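Please open the structure in a viewer and keep the selection tool at hand. The tour below proposes one selection after another and states what is found at each.

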Amino acid sequence: MEAGSRFLGGRMVTISFLVLMGAFGLNLSAGQFFAELHAVHGWSLSTLSMAVSLNMIVWGVLQPFLGRLVDRIGPRPVITASAALMGLAFLMSATIEYQWQFFLYYGVLTAIGFAGCGSMANAVLVSRWYVKGRGKMLARSSMGINIGQLLLLPLAGWLIYLGGAQTAFAVLGAGMLFIVAPIVFFGVRNNPRDVGQLPDGDTAQTGGGTQSRSATFSEAIRSFDFYCATIGFVTCGYSLYMVAMHLPGFAVDLGGTKALGGNLLGLAACASAVSMWTLGQIAPRIGKKPVLIGLYVVRALALAWLAMSGQIWQLYVFAVVYGVSSIPIIPLKTGLIGDRFGAAGLGAILGSAWFAHQILAALGVYVGGAIREATGTYEPAFLSAAVLLAIGAVATSAFKGIQEPEPVTVSEQG
């Protein structure tokens, strides 16, 4: 029906950007609600942290299953239903009165939705529409991750400040359910051939790495490099989600408003976007490994700085430095793994690394809340993240990999 019309690939990239903005913005906003839910319901920080940990585990476990579902029925129905589920879960959260409701609505339902409309499904969608321009278009769509944090986390903070948690849950949920999901349903096409078009005019098969360098999953898990890469990756997850969920509470501890945490995370997201674009130009020239090591060191220093911070201005410094070294680690690390093991078994290899990443992410969220409750401070939690990041730098240094650096795609976000 749409054959011969303007190429629709650009529309797919724009919609993917919008979905990622909403999905990551909502899923990472939970920390904004902690102080309000504690004040209104008296729920402990460790309990709230456990709900977020459950969210991390659920969406991590579901990634392989939903990946197969996307391959079978296409990204459009999976992303549509998942975005709608996220929105509905947030709308339902506006009615919560009991702890079990927060665990169900955010810990389980939001996580299921996020698993199906996050990076994996959107990467498949964009990759089906682009071959020659795949890397550039994936990078453009993945900028939605940063913009979602930049816009929606501060928005959540201000909505909570102005109208309470119920208002914030309702507004964010309505946006995802009544704006994002319909746009996907009416705007997305699973394949260019469905409308008589070709992937950016080029049908050549592309891929990362050569077949001669490809390894099966069983070969990979017997490799020293696999464990070096995975150890580095999990230290990233531990600190990434600890900061996302507990920085707002730490800001309140230092005398900041409930909205300050969202502003700080938005600033970090802006710094991350700039860093991601810049490193995309630098990494192909000097290689992913030295850039990664540098990012681990910078993030470790940032977490140590945060642990010692006692004034609001120090949080702004942290947000910028941390942002520069946060999200860019993910595409660089996944690219390094792809370079080393090739394409043949990459899904299973990356899936295992991502599962471990999410287990440590969940642990980081819980540890942050438990330590704050037991000691009255976040300092030991943030220091533990700094130590783990130093271990991540060492593990990455031990990664042997391949000799020649290859161009990095700054969009393989998980």
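The model on display is predicted. Begin by selecting F24, W59 and F114, which ring pairs link into a cluster. Across the model, the count of aromatic pairs comes to 14.

**Ring pairs**

Two further pairs merit inspection. Select W158 and Y161 next: their ring centres lie 5.4 Å apart and their planes stand at 85°, so the pair is edge-to-face, since planes over 60 degrees apart count as such. Both residues belong to helix 7, which covers residues 134-187. W158 and Y161 are three residues apart, about one turn of that helix. An α-helix has 3.6 residues a turn, so residues three or four places apart point the same way. W158 is partly exposed, at 42% relative accessibility, and Y161 is partly exposed as well, with a relative accessible area of 49%.

Move then to F185 and F186. The centres of these two rings are 5.0 Å apart and the planes are at 85°, so this pair is also edge-to-face. F185 counts as partly exposed, with 39% relative accessibility. F186 has 61% relative accessibility and therefore counts as exposed, the cut-off being over 50%.

**The nonpolar patch**

Now display the surface and select V298, W305, W313, V317, V320, V321 and V324. Together these residues make a nonpolar surface patch of about 520 Å². Which helices each supply at least two residues of the nonpolar patch? They are helix 11, residues 288-308, and helix 12, residues 312-324. The largest share, five residues, comes from helix 12.

Within the patch, select V321, which has its place in helix 12. V321 counts as partly exposed because its relative accessibility is 33%, between the limits of 20% for buried and 50% for exposed.

**Helix 12**

Finally, select the whole of helix 12. The helix has 13 residues and reaches 19 Å from its first C-alpha to its last; the span expected at 1.5 Å a residue is 18 Å, close to that value. Which residues of helix 12 are buried? They are Q314, L315, F318, A319, Y322 and G323. These buried residues cover an arc of only 160° around the axis, which puts them on the same side of helix 12. To end the tour, colour this buried set and the patch residues of helix 12, V321 among them, in two contrasting colours.

Technical notes: Residues numbered from 1 in each chain as written. Predicted model: local features only at pLDDT ≥ 70, side-chain atom pairs only at ≥ 80, totals over all residues. Heavy atoms only, no water. Patch = residues over 30% accessible without salt bridge, like charges linked within 9 Å, V, L, I, M, F, W, Y side chains within 5 Å. Areas by Shrake-Rupley, 256 points an atom, 1.4 Å probe, with all protein chains shown as cover. Salt bridge = Lys/Arg side-chain N within 4 Å of Asp/Glu carboxyl O. Helix = DSSP H or I, 4+ residues; strand = E, 2+ residues; numbered from the N terminus. Buried < 20%, exposed > 50% of the residue type's maximum accessible area, 1.4 Å probe, protein only. Expected span 1.5 Å × (residues − 1). Arc of directions from axis to C-beta. Phe/Tyr/Trp six-rings, centres within 6.5 Å; stacked < 30°, edge-to-face > 60°.
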